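Visitor: I am new to this structure and would like to go through it step by step. Could you show it to me?
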Amino acid sequence: MGGSGYVGPARARVERLIPSVLYRGVLVLVLAFVAAPIVVVFLSSVNSSQYLRFPPEGFSTRWWVAALSERWMVPTWFSLRLAAATAITATVFGTLAALGVHRGRFRGREAFLAVLLSPLILPQIVTGAALLQFFKLAGLGDVLGFPALLMGHVVVTLPYAVRTVMVSLHGFDPRLEWAAQDLGASPLQTFWRVTLPLIKNGVFAGAVFAFIVSFNDVPISLFLGRPGNVPIPIAILGQVESRFDPAVSAVAVVTIAIVLALIAVGERFARVSEFIYQQER
Amino acid sequence: MVAPDVELIGVTKRFGDVLAVRGVSVAVARGEFLTLLGPSGCGKTTTLNVIAGFLRPDEGQVLLGGRRVEHLPPYRRDTAMVFQQYALFPHMTVAGNIAFGLQMRKVPSSEIGRRVDRVLEIVRLPGLGARRPSQLSGGQQQRVALARAIVTEPTVLLLDEPLSNLDLKLRESLRLEIKRIQRELGITAVYVTHDQGEALVMSDRIAVMDQGVIEQVGPPAEIYEQPRTPFVAEFIGTSNFLRGRLASVENKLARVILRDGTELWARQPDAGQRGEDVLLMIRPEHLRAARGEAHGPGTDRNELRAKVTDVVYLGSYIRYAAEVSSGEAVTVEEQNVPGAARCASGELVTLEVAPEHCLLLWEG
Amino acid sequence: MRPFLLLTPSLVYLVVLCFVPDAIMLAFSVFEYRDGVIYPGFTLEHYIKFLTDDFYLNILLRTLYLAVGVGLLTVIIGYPVAYFLVRSRSRWKGAVLMLVLMPLLASVVVRTYGWLVLLEPQGLVNQFLGFFGLGPVTLIRNYTGVFIGLVHVYLPYSILSIVASLQSVHPNLELAAQDLGAGRFEAFRRVTLPLTMPGLVTGFALTFALTLSAFATPRILGGRTVHTTATQIYDQMLFLLNWPLAGAIVVIVLVISLLVIWVTGRASASSGRAVVV
């Protein structure tokens, strides 16, 4: 190191040490902060008493028994169906749209993409509230519940599907489609035999993200459900708003497990994690 | 008379405000190897894509085997393309790539296997059918692309700079290989390249393109020896250009006076008016640098006074850069005869050139 | 023509189920509202009410404080984590990335519920404080709890923003500064930090805007006593049925969010210039 004046070796070491210790300390604290609530949920789901104590007082499965009852499994199953339907719809729409944007030579290609992604920018609570108002005004109060939730969830998950498919189209050589057509494949054959196999990771990742976003969604579901027809996050919200119940811990673990299992499957078949960085934000 | 396999009549293609191809007309006979040669952006690939059906011409006609096909999509045309960078399907094996076109044509699978094996023999890649394209070298991928295109036995083979991503050695051997396969199969080929060496070696005829227009079509020797425009002369081989004025035409020779008054005789042009500004094109290998002893010019020999500015040793020949008395720079290439006297930089010399090697051109 | 056909289903879908409803909601914000009935018209009374009435103004100001606090704290504590994720060669890096991203896989309801377990009067945090003879401290049904929960919920977004900007700063720049005599911390403060300012600013603006529209966390940790702009939108929509006022709050929240994103965007652009000069 040139330039600076001479500094004694001991002092230099301390000067180097302080920021580094500080940095590591803060890092560990922040990571503990990040992990804490999730860890606590796990622990409290198998804790014998109502309130979690340290050290833990005993092991119990009673909260799990409560969680696996009809009271919680009905909304969980409702959410699974909703998320699956959302993922399929958003992925079909989103894949077609991404292909359209990708192929488009027309001016305003960027503008179309911006329009497709715009539901991401708008706060979801606004989309949810606006949809509720829209359905009521249109005299479609009857669609509240599964149909309305599906429509709303597709609005907010469509951008994810568009984006992951756009990412996988990014390195896609359009001449592969030309080559297929040149060899006698019709546009439909070209799509099934060449385009789709090559973007399937993006399509799959889009479906996985759409599923997770739908499965975890609160702001849309808040407005569009109807009594007895609510997804699991809203059921949890309703419970914790009124009374503390450790069965919710076990339910929470179930929802996390479902998402992790889905990610594992997605990772196995389509290396979904490669799309995560492009996804968030 | 048999209709040509490919015929373009007045084809024009625009991209927005850009005119990529302007009124191109050319015909390719059965079994002929035609090369579209030109710098990047000259419209050669666009022309090829119009033939393949990837692009629709804005004006003009495209005929394949005498039939109008402008309205037909690529999958209804009997052409097969070898793409630049190959465009092999990365998710299929080599055999899968080659079989694709046959499957699309509903060829029975037993026959597909047989034909894939045979075409792999033809391109000299036997036994590699199970590999993925990514496991192959560039040259091998190139051969697979060729095999995929020819296995369906198309009438017309289209090749878009198929060798541009390979190194020089491989390029030179594959040139001959492609040519051999094309000739053996008797297939009509349209080949796009910017590499004049490729064009000269492979083609039956070359169409030189510039700015969307075909400047000249002809056999390689004609293109090289009798370029009709300065662009063609410049693009194929190296050329020296001297500006001058057409003074007279005598005994089938044209007398040209350069800016400093030097008189040169040139091959008689097809046309030309006295007093017109002209360009004299001379290939470097046709100039000979003589030290001192001038014979005196005549109608059988032209002489230019010049000063050598640089000497480059290139092994089999020597290249001189020189400035002629009219002030223009010229290049001279002479066979390197061991032991023969060489000119030195700064030396004053006489450049000799036969009138039949001086070609008259008009600036276009 | 074909690309357009591929786009049509999605565009029609979004127009009908997103843009039209949003436009109607905005339009309603200037309609008149008397005794639970909405009349078409043009009035700014809902905007004026929300921005002048003490009750509503208080909610807006408190939400803004909350949003600024959450924005600042997430970028401050997110920075070391982002730095670690980009620069470290530690074998723990993958695990840390998992840890940072994992909360994004759990519903905001679940994550916030975890804080409820921790922050309750009889929760672990108060037990811990009690061990030192402190507390109990009230950490839920007030802004403190909401603040802690929101920082946790939005921290990953800030971290990822900073990660993105750190990735664009070549580590050699920091090494060059050290080579020129700066200590490690000095090199970081004088070189890396200014160059990653855009990421910090983006992270701040993002979490700020997200806080304005956060509903679940304020509702769970704040109970019925803590109001924010988002809980107000919900209450006005579903319980008070004052759609015009809800629409006005939406417009105000959107305008403030866009303003903050625009101002911070300009600030980060000019800080980028200052670094170059």
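Visitor: To begin with, how many residues do chain C and chain A each bring to their contact?
Guide: This is a predicted model. In it, chain A brings 76 residues to the contact and chain C brings 71 residues.

Visitor: On the side of chain C that touches chain A, which element gives the largest share?
Guide: That is helix 1 of chain C, residues 2-28, which gives 17 residues.

Visitor: And how do the residues on that side of chain C divide into nonpolar, polar and charged?
Guide: On the side of chain C that touches chain A, 54 are nonpolar, eleven are polar and six are charged.

Visitor: Turning to chain B, how many of its residues are in contact with chain A?
Guide: Chain B has 17 residues in contact with chain A, and 16 residues of chain A take part.

Visitor: Which elements of chain B each supply at least two residues there?
Guide: On the side of chain B that touches chain A, these are strand 6 (79-82) and helix 2 (94-104). The residues of that side comprise twelve nonpolar, four polar and one charged.

Visitor: What about chain B by itself: how many helices and strands are there?
Guide: Chain B has eight helices and 20 strands. Its C-alpha trace spans about 75 × 50 × 40 Å along the principal axes.

Visitor: What percentage of chain B is buried?
Guide: Of the 364 residues in chain B, 39% are buried.

Visitor: One last topic: among contacts in chain B between residues at least 6 apart in sequence, what percentage join residues at least 24 apart?
Guide: For chain B, that percentage is 65%.

Key: Residues are numbered from 1 along each chain as its sequence is written. Chains are lettered from A and ligands numbered from 1 in the order in which they are written. This is a predicted model: local features need pLDDT of at least 70, side-chain atom pairs count only at pLDDT 80 or more; totals for chains, interfaces and linings use all residues. Two residues are in contact if their C-beta atoms, placed from the backbone, lie within 7 Å. Helices (H or I, at least four residues) and strands (E, at least two) are DSSP runs, numbered from the N terminus. Ala, Val, Leu, Ile, Met, Phe, Trp, Tyr, Cys and Pro count as nonpolar, Asp, Glu, Lys and Arg as charged, and the others, Gly among them, as polar. A residue is buried if 20 or more other C-beta atoms lie within 10 Å of its own, exposed if 12 or fewer, and partly exposed in between; C-beta atoms are placed from the backbone.
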